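Hi,

Here is the structure I promised to send over. Have a look at it first, and then read on for my notes.

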Amino acid sequence: MVIAQLQSSHPCVLASRFAPPARIHASSSSSSNRKLIPCNFWWFHSLAFRKHGYKINYAEKWEASSRSIEDKTDSSICMNVVDNSSFKFFRMDKKNTPQGYQVQLMIGSLSSYFWFRLTQMNFINAFVKIIQDLFPSMVWTLGATGSPFACISNSLNKPMPLKLDVSLPSLQDVRWNLARLLYLFNVQLERNVATFLVVLAVVCFSFVVFGGFLFFKFRDETQSLEDCLWEAWACLISSSTHLKQRTRVERVIGFILAIWGILFYSRLLSTMTEQFRNNMQKLREGAQMQVLESDHIIICGVNSHLSFILKQLNKYHEFAVRLGTATARKQRILLLSDLPRKQMDKLAENIAKDLNHIDILSKSCSLTLTKSYERAAANKARAIIILPTKGDRYEVDTDAFLSVLALQPIPKMNSVPTIVEVSNPNTCELLKSLSGLKVEPVENVASKLFVQCSRQKGLIKIYRHLLNYRKNIFNLWSFPNLAGMKYRQLRRGFQEAVVCGLYRNGKIYFHPNDDETLQPTDKILFIAPIHGKKKPQLASSNVANRINISQHLKVLENNSDSTSYAIGLVKARLELIAKRPGKPGSKASDGNLGPKERILLLGWRPDVVEMIEEYDNYLGPGSVLEILSDVPLDDRKRASNAIGHGKLKNVQVFHKIGNPLNFDTLKDTIMNIQNSFKDGEELPLSIVVISDREWLLGDPSRADKQSAYSLLLAENICNKLGVKVQNLVAEIVDSKLGKQIARNRPSLTYIAAEEVMSLVTAQVVENSELNEVWKDILNAEGDEIYVKDISLYMKEGENPSFFELSERAHLRREVAIGYVKDNKKVINPVPKSEPLSLTLTDSLIVISELEGEQPIVL
């Protein structure tokens, strides 16, 4: 059995058990005393490693140690025996034990065994080689048929190799892979700085775990793993903790953890600082910030109208605070634009420097993305204003359509009015067709407004008055309790306001019939000051009893209940209205030919084409429009071809190249116009100055100065040449500069058409229904505001009241809203029944379709 175990490669364990050694010395680190310890001892050995092993069983604990075989048979073996109290070391001397002879015998047997196996293997190998040389075919056949591993020696049965490339990657590939990993990490880090925090946390956790296990290993499990992990964490977060370690290994581990802790916290601090800076940058840009506001006004886009709109909103909220109708001390304005946040903040700061009743927030984002409006809380806004940011009219309408389209997916948008400035009336219909939105397109008719104001001196002041919240403005009020009353009673019954018409089914009617009945859903259009939520009060219906007219009407007033009274009153008024030869109307419509005039236009920009169309609507046949500018003719023709001169019926357009700021050029142009008149022909001449395209590229204040200089230069030339000019008008953006010029030169007029359009937009924000009112007034197809001679409504020596003047204007399908006396305008005079001391040089302000004599309606 022993020989069989020696021939095997497994460890051999002796069956006999050694008795306790006779001489075993025990030594302790704390004492030099020796004592005998009984133990069980086995000896085993392995041929594969030529090792001796001893195993001792003492106090139910096993420890083993081994040592390589040496040539000397006299060797000592050290054994570790674990005691419950302490470590003890033993030494055994094989010579002095009875088992020493058995060990020597075993070593000799092992040596003989190894020599025998080596000789046997050499003989077998030589024999196999001789057989293979003598009978190679037989060996191959036997091996191919009988061997269970025949495929190893049979090339036919050997499977085809898979040709897998198991070679190690090259150093260049390793470098590229590492660079790729670093690149991906940097990309992720660029997108989100917080990625580095995750990496730091993972590395920190790894160091704590690794350090804790090392402490647990080298302390021989005298502490729990939890305490070791906690001490590793303490060394990481506090560099002084590693100084408390006792052993050399523990100090090295603590030192490494302390160094990594310093690096970790330095990188953590820098990463958190960068993350905070990144978050602050996002907050400054505002793209990722969610707005948590309600009842705020959103303005999308930045253009020249922005400053005027903000000023008007500031005035409105100031007035609302005084009336007690405001919901907050300041109106919150959210400005959205695709411009950089810094540029927007600088612009808003310059505009809102003196605006104390609005609070402006800016947000840089895309105006065509739904997410931008969702983050702006568009469905909780009070109103949304979309301003054009491009110069081309087609780009203006396209951007407006895309912005409105981005609002459509947002829920609950049907209650938020969206005011959009567009350049084409067809775009208005397209925007209104979008479902789920309350869109109010405001057509930018600044060019049309400029033409109206350039032909009527003082009209721009009336528009400013009607758009100023501190004065009389347009109001729409609903009176369900007055349903069923006649319109005649309504327009005569309000003493503190001027009734201008009815608002029915989304349309405005300035001249309803007197027998028209008020419906419960109708609204009455007033011109009156704002008194908060207080509506105008209806006075006594028998207003005519308080009218003081001519003496021969008193008898008719006593019979006010009869039908004959009304007929007689109308006849009496017709007798008092002055008749004169028919005056051409201001619109070139069928049956009403406009006046023949000559206009000199200084400057050029693309919307001049719209001005030409508007002049053609108001002027009569034979009118001439001459344009002086340094813009090349090709650019002018390119813009003019958009409408085509074939569509112009009444105006002939002539172009001249030259600088309007040059004295000689401007003088030659005016002289040529004067010489073109036929003998005895007198045509009214108007000189109009607009901001040139090149001037607008720079500072707007510079453009205003050049426009004012060109206007003053034209006035000086006309005075020297003795040319009579009906109107001298200039387009000036800055109202302060315009007022200064008008104060020094009363004959000059400045027009801020862009400002007026901005005020219209701001008023539509507060009441979207007023959009239809201003659309009718500012378009040539509807009614406009005119300043007419008072001689059309009274005779010299009369002192009629404003109520009487209103009744006379009503006979011509006109609505009297005020008068001009001594170059001072009065809108909505109160009381209306008192006589007025007017002369024939004064004027009456009316809403009318034509400028001249209106046909009398009986």
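Let me start with Q452. Its relative accessibility is 4%, so Q452 counts as buried, the cut-off for that label being under 20%. Please keep in mind as you read that this is a predicted model.

You will find Q452 in helix α14, which covers residues 446–455. What does the side chain of Q452 make a polar contact with? The partner is the side chain of Y618, at 3.2 Å. Y618 also turns up among the residues that Q452 touches; leaving aside residues up to four places away in sequence, the list is L459, Y463, E614, Y618, I777, L778, N779 and E784.

Next, the cysteines. How many disulfides does the structure hold? The count is 0. Two cysteines you may want to find on screen are C453 and C718. C453 has a relative accessibility of 2% and therefore counts as buried. For C718 the value is 2%, so C718 counts as buried too.

Now to a sheet. In which order do its 4 strands run? The order is β14-β17-β15-β16, in an open sheet with antiparallel pairing. At the edges are β14 (473–478) and β16 (507–509), each of which pairs on one side only. On average, neighbouring strands of this sheet are turned by 35° against each other, with direction ignored.

If you zoom in on the β16 edge, strand β15 (residues 498–504) is joined to β16 by 3 bridges, and these two strands run antiparallel. A handy pair to look for there is Y503 and I508: Y503 stands opposite I508, which belongs to β16.

The last stop is E626, in strand β19 (residues 623–629). Is E626 buried or exposed? Its relative accessibility is 13%, so E626 counts as buried, again because the limit is under 20%.

E626 and K656 make a nice example of sequence distance against distance in space: 30 residues separate them along the chain, while their C-alpha atoms are 7.4 Å apart. K656 is also one of the residues that E626 touches. Apart from residues up to four places away in sequence, the contacts of E626 are R598, I599, L600, L601, F654, K656, T669 and I673.

Happy browsing, and do write back with any questions.

Best wishes

Note on methods
Residues are numbered from 1 along each chain as its sequence is written. This is a predicted model: local features need pLDDT of at least 70, side-chain atom pairs count only at pLDDT 80 or more; totals for chains, interfaces and linings use all residues. Side-chain values use heavy atoms; hydrogens and water are left out. Buried means under 20% relative accessible area, exposed over 50%, partly exposed in between (1.4 Å probe, protein chains only). A polar contact is a pair of N or O atoms within 3.5 Å; within protein, one must be able to donate a hydrogen and the other to accept it, and residues adjacent in sequence count only if both atoms are side-chain atoms. Contact means heavy atoms within 4.5 Å. Two strands pair if DSSP finds at least two bridges between them. Axes are lines fitted to C-alpha atoms, for helices over the stretch in contact, and angles run from 0 to 180 degrees between N-to-C directions. A disulfide is a pair of cysteine sulfur atoms within 2.5 Å.
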